[in-house]
Amino acid sequence: PDSKATIHGAFASGNTVCVEMTWRGNHTGTLELPTGPVAATNRSIEVRSCQVFVMSDSKARVIRHYFDMMTMLEQLGIEG
């Protein structure tokens, strides 16, 4: 719940914007996974990610967020 992103770069082409960032935070709340909820581990994470925005009329109409879930789960000690 306390995660914060550091933006490393962004670029735009036509109506598409791509933003590279690193998320950092602490796992102090329940994490909902397809396999069920995971209680807080109180561990920290640092995960690189990319968000892609498709814009129309100066508004984000589509947002896609890509990141390495396995890296995050390993950092939390939840590796599968």
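Select residues 44-56 and 59-67 in this predicted model. These are strands S5 and S6, which pair in the antiparallel sense over eight bridges. To see one of these bridges, pick Gln-51 and find its partner in S6, His-65. Then go to the turn: S5 and S6 form a hairpin with two residues between them. Asp-57 in this turn has a positive phi of about 55°.

Next, widen the selection to the sheet. It is an open sheet of four strands in the order S1-S2-S5-S6, with antiparallel pairing. S1 (4-13) and S6 stand at the edges; each has a single partner strand, so one side of each is left without a neighbour in the sheet. On average, neighbouring strands of this sheet are turned by 20° against each other, direction ignored.

Now select S1 and S2. They pair in the antiparallel sense over nine bridges. Phe-11 has Cys-18, in S2, as its bridge partner.

Show residues 69-76 next. This is helix H1, which packs on the sheet and touches S5 and S6. The direction of H1 makes about 150° with that of S5.

The last stop is His-27, in the loop between strand S2 (16-26) and strand S3 (31-33). Is His-27 buried or exposed? Its relative accessible area is 7%, and buried means under 20%, so His-27 is buried. Display its side chain: it reaches the backbone oxygen of Gly-29 at 2.9 Å. Leaving out residues up to four places away in sequence, His-27 touches Val-38, Ala-39, Ala-40, Thr-41, Asn-42, Arg-43 and Leu-76.

Methods: Residues are numbered from 1 along each chain as its sequence is written. This is a predicted model: local features need pLDDT of at least 70, side-chain atom pairs count only at pLDDT 80 or more; totals for chains, interfaces and linings use all residues. Side-chain values use heavy atoms; hydrogens and water are left out. Buried means under 20% relative accessible area, exposed over 50%, partly exposed in between (1.4 Å probe, protein chains only). A polar contact is a pair of N or O atoms within 3.5 Å; within protein, one must be able to donate a hydrogen and the other to accept it, and residues adjacent in sequence count only if both atoms are side-chain atoms. Contact means heavy atoms within 4.5 Å. Two strands pair if DSSP finds at least two bridges between them. Axes are lines fitted to C-alpha atoms, for helices over the stretch in contact, and angles run from 0 to 180 degrees between N-to-C directions.
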